[in-house]
Amino acid sequence: MKAADTGLDYKNGIVEMAHGGGGRAMTRLIETLFVARFSNPLLNEMNDQAFLPLADTDNLTGVKPHYVMATDSHVVSPLFFPGGNIGNLSVHGTINDVAMSGATPLYLAASFILEEGFPLADLKRIVESMAEAAIYDNIQIVTGDTKVVERGKGDGVFITTTGFGVVRDGIKRSPHNICVGDKILVSGTLGDHGVAIMSHREHLTFETEILSDTQSLSDLVAAMVAEVPTIRCMRDPTRGGLASVVNEITQQAKVGITLWEKKLPIQPQVKAACELLGLDPLYIANEGKLIAFCPSDSADQLLRCMTNHPKGANAAVIGEVTDDLRHGVQLETEFGGLRRVDWLSGEQLPRIC
């Protein structure tokens, strides 16, 4: 039957690529199936990580910290791409989900699904890149699991990582904290990862090679939180890109958002590739960038902090939060007009993370 309250056809419907694309279809699937069946106060916050209020008050600071947990599966194709591979991507992706809460990541679990016949030399390269990424962030990979499936049924390797960290200042950074008038900042150029993957797949060449931006953001986040503790919320715009993340946030925060096209940092070669491929950089995945919401009077201070950090050198203030009963996102174009930035309706770039 097709449930009127969900829009999901449980009798005849099938899983489609769009259900993993970061847009409206994925959000509907998550909210109306998974969240509806698994519902609990922690899950229902609908953040990229769960706040676990289990810690005792710190005897030195008097602050009650929160534990944070996040999990992510990685199915990127190809496994090796300009600027990274599925190994360091699987570490960076989960570390960043933990860090977006303002937490210090501490531990990771890693689960591998391997396909029969996968070269051990490639597996060694992947594992070594994961180890290097963990060492960089002083993270320990403390548990895991390995399964092997028959040849032709696993596409090489899939990796799931789960991260655990602690928010030492006890502040819960969430879309529910966002207020009208808040400014929106991005830590760097948009669309690099998704375009790097697609350019590699399509064998496109440019004067300057487009590299994935995959990287851990925990050190940048630590600097930002120390400088501006009043940051309302942070997100890393991965699947579905900036557009999908801000649409999701407007629904959670019950506000509107206006983005300023002339302020969006996008590399010229990324723009060129998007024009060639018929893609919109607003919807392209990033794996080493974040967006942050902060009070308007703190935006300049936060921007200085970000641009003084190597991973925020190209940071910019790109928009503001508005009072919009429709909870929509609009883009102020370079010519002064406005256009709606809607949810991603399909899957622009499958298998990019």
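In this predicted model, G20 sits in the segment before α1. G20 is partly exposed, at 29% relative accessible area. The C-alpha atom of G20 lies 8.9 Å from that of R351, although 331 residues separate the two along the chain.

Confidence averages a pLDDT of 91 over the protein, and 95% of the residues score at least 70. Residues 1-5 fall below 50, and this stretch makes 10 contacts in the model beyond near neighbours in sequence. Where pLDDT is low, the predicted coordinates should not be read in detail.

A nonpolar surface patch is formed by F34, F38 and L43. Together these residues present about 280 Å² of accessible area. L43 belongs to the loop between α1 (24-38) and β1 (50-52). Its relative accessible area is 33%, so L43 ranks as partly exposed, between the cut-offs of 20% and 50%.

Two helices illustrate how buried residues are covered. Helix α4 (192-202) is mostly covered, with 8 of its 11 residues buried. The buried set comprises D192, H193, G194, V195, A196, I197, M198 and S199. Their cover includes β3, α2 (86-99) and α7 (268-277). Just after α4, H203 adopts a positive phi of about 60 degrees.

Helix α8 (residues 299-307) buries A299, L302, C305 and M306. Viewed down the helix axis, the buried residues of α8 fall within an arc of 125 degrees, so they line one face. An α-helix has 3.6 residues a turn, so residues three or four places apart point the same way. D300 and R304 are exposed on the other side of α8. The buried residues of α8 pack against β8 (183-186), α5 (218-227) and β11 (291-294).

T214 lies in the loop between α4 and α5. T214 is buried because its relative accessibility, 9%, is under the 20% cut-off. Leaving aside residues up to four places away in sequence, T214 touches F81, G83, G84, N88, L89, H92, E287 and G288. E332 is 118 residues from T214 along the chain, and their C-alpha atoms are 29 Å apart.

Backbone geometry was examined next. Most residues other than glycine have a negative phi, and most peptide bonds are trans. The peptide bond from S77 to P78 is cis, with omega near 5 degrees. P78 is placed in the loop between β2 (66-74) and β3 (80-81). N138 has a positive phi, near 55 degrees. The loop between α3 (120-136) and β6 (140-149) holds N138. N138 is exposed, at 67% relative accessibility. D155 is not a glycine, yet its phi is positive at about 55 degrees. D155 is found in the loop between β6 and β7 (157-167). At 41% relative accessibility, D155 is partly exposed.

Side chains of opposite charge can pair when their charged atoms come close. The model contains 14 salt bridges. One of them joins E128 and K124, at 2.6 Å from N to O. Both residues lie in helix α3, 4 residues apart, or about one turn of the helix. E128 is partly exposed, with 37% relative accessibility.

A second pair, K183 and E320, meets at 3.5 Å from N to O. This salt bridge links distant parts of the chain, from K183 in strand β8 to E320 in strand β12 (residues 316-322), 137 residues apart. K183 is buried, with a relative accessible area of 15%. E320 is partly exposed, at 27%.

D219 and K311 also form a salt bridge, at 3.1 Å from N to O. D219 is in helix α5 and K311 in the loop between α8 and β12, so the pair ties together parts that are 92 residues apart in sequence. D219 is partly exposed, at 26% relative accessibility. K311 is buried, at 13% relative accessible area. Elsewhere, D192, D213 and K289 are joined into one network by salt bridges that share partners. D192 is also among the buried residues of α4.

Notes:
Residues numbered from 1 in each chain as written. Predicted model: local features only at pLDDT ≥ 70, side-chain atom pairs only at ≥ 80, totals over all residues. Heavy atoms only, no water. Patch = residues over 30% accessible without salt bridge, like charges linked within 9 Å, V, L, I, M, F, W, Y side chains within 5 Å. Areas by Shrake-Rupley, 256 points an atom, 1.4 Å probe, with all protein chains shown as cover. Salt bridge = Lys/Arg side-chain N within 4 Å of Asp/Glu carboxyl O. Buried < 20%, exposed > 50% of the residue type's maximum accessible area, 1.4 Å probe, protein only. pLDDT = per-residue confidence, 0-100. Contact = heavy atoms within 4.5 Å. Arc of directions from axis to C-beta.
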